[in-house]
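Subject: Structure handover

Hi,

Here is the structure I promised to send over. Have a look at it first, and then read on for my notes.

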Amino acid sequence: MGWFTVLAFIGIFPTALVLGELRLKTDSLWPAWLAHNIANLLSARLALGGFIHLQNLAAEVLFAPDGGGLVIMALFVLLGFCMLRQRK
């Protein structure tokens, strides 16, 4: 199992937190579904379209656009916990 697989599994938690809070906040599944598909569309387009060229492993681990990058994970954790605190 490669680093990207491990980071992807770790990245599932913050993504699930944000999408789950979005679902609870809107009382509908559709906004979370739409946000999930927009994120997939953007990351696939950026990565597969050749718009992003990360030169080394450190850059890929930090900035991968598919939710597996540490920067994206940190932003999703921050957003998720902000949404969670706002709900309480």
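Which side chains meet in a salt bridge? The side chains of R23 and D27 do, at 3.7 Å from N to O. By salt bridge I mean a side-chain nitrogen of Lys or Arg within 4 Å of a carboxyl oxygen of Asp or Glu. By that rule, the count comes to one. The general idea is that side chains of opposite charge can pair when their charged atoms come close.

Before the rest, the ground rules. This is a predicted model, in which local features need pLDDT of at least 70 and side-chain atom pairs count only at pLDDT 80 or more, while totals for chains, interfaces and linings use all residues. Residues are numbered from 1 along each chain as its sequence is written, and side-chain values use heavy atoms, with hydrogens and water left out.

**Overall picture**

The protein has four helices and zero strands, and along the sequence that reads α-α-α-α. Helices (H or I, at least four residues) and strands (E, at least two) are DSSP runs, numbered from the N terminus. Of the 88 residues, 22% are buried. Here buried means under 20% relative accessible area, exposed means over 50%, and partly exposed is in between (1.4 Å probe, protein chains only).

About 6,400 Å² of the protein is exposed, and carbon and sulfur atoms supply 72% of that. The areas come from the Shrake-Rupley method with a 1.4 Å probe; for residues, only the protein chains shown count as cover. As for contacts (heavy atoms within 4.5 Å), take those with a separation of 6 or more: residues 24 or more positions apart account for 48% of them.

**Back to the salt bridge**

R23 is partly exposed, because its relative accessible area is 34%. D27 counts as exposed, at 62%, and its place is in the loop between α1 and α2. The backbone of D27 is worth a look too: phi is positive, about 60°, although D27 is not a glycine. Most residues other than glycine have a negative phi.

**Helix α4**

α4 covers residues 70–87. It has 18 residues and reaches 26 Å from its first C-alpha to its last, close to the 26 Å expected at 1.5 Å a residue; the expected span is 1.5 Å times one less than the number of residues. M73, G80, M83 and L84 are buried in α4. Seen down the axis of α4, its buried residues fall within an arc of 100°, so they line one face of the helix. That arc is taken over the directions from the helix axis to the C-beta atoms. On the other side of α4, L75, L78, R85 and Q86 are exposed. As a reminder, an α-helix has 3.6 residues a turn, so residues three or four places apart point the same way.

**Where α1 and α4 come together**

E21 sits in helix α1 (residues 3–26). Is E21 buried or exposed? E21 is buried, because its relative accessible area is 5%. Leaving out residues up to four places away in sequence, E21 touches G80, M83, L84 and R87. G80, M83 and L84 are also among the buried residues of α4.

V77 belongs to α4 as well and counts as partly exposed, at 26% relative accessibility. With the same sequence neighbours left out, V77 touches P14 and L17. V77 and V18 are 59 residues apart in sequence and 7.6 Å apart in space, C-alpha to C-alpha. F81, another residue in α4, is 63 residues from V18 in sequence and 8.1 Å from it in space, again C-alpha to C-alpha. F81 counts as partly exposed, at 38%.

**α1 and α2, and a surface patch**

A16 lies in α1 and is partly exposed, with a relative accessible area of 46%. A16 and A32 are 16 residues apart in sequence and 9.6 Å apart in space, C-alpha to C-alpha.

L29, W30, W33, L34, I38 and L42 form a nonpolar patch on the surface, with about 690 Å² of accessible area together. Patches are made of residues with over 30% relative accessible area and no salt bridge; like charges are joined within 9 Å, and nonpolar side chains (Val, Leu, Ile, Met, Phe, Trp, Tyr) within 5 Å. One of the patch members, W30, is in helix α2 (residues 30–48) and is exposed, at 59% relative accessible area.

Cheers
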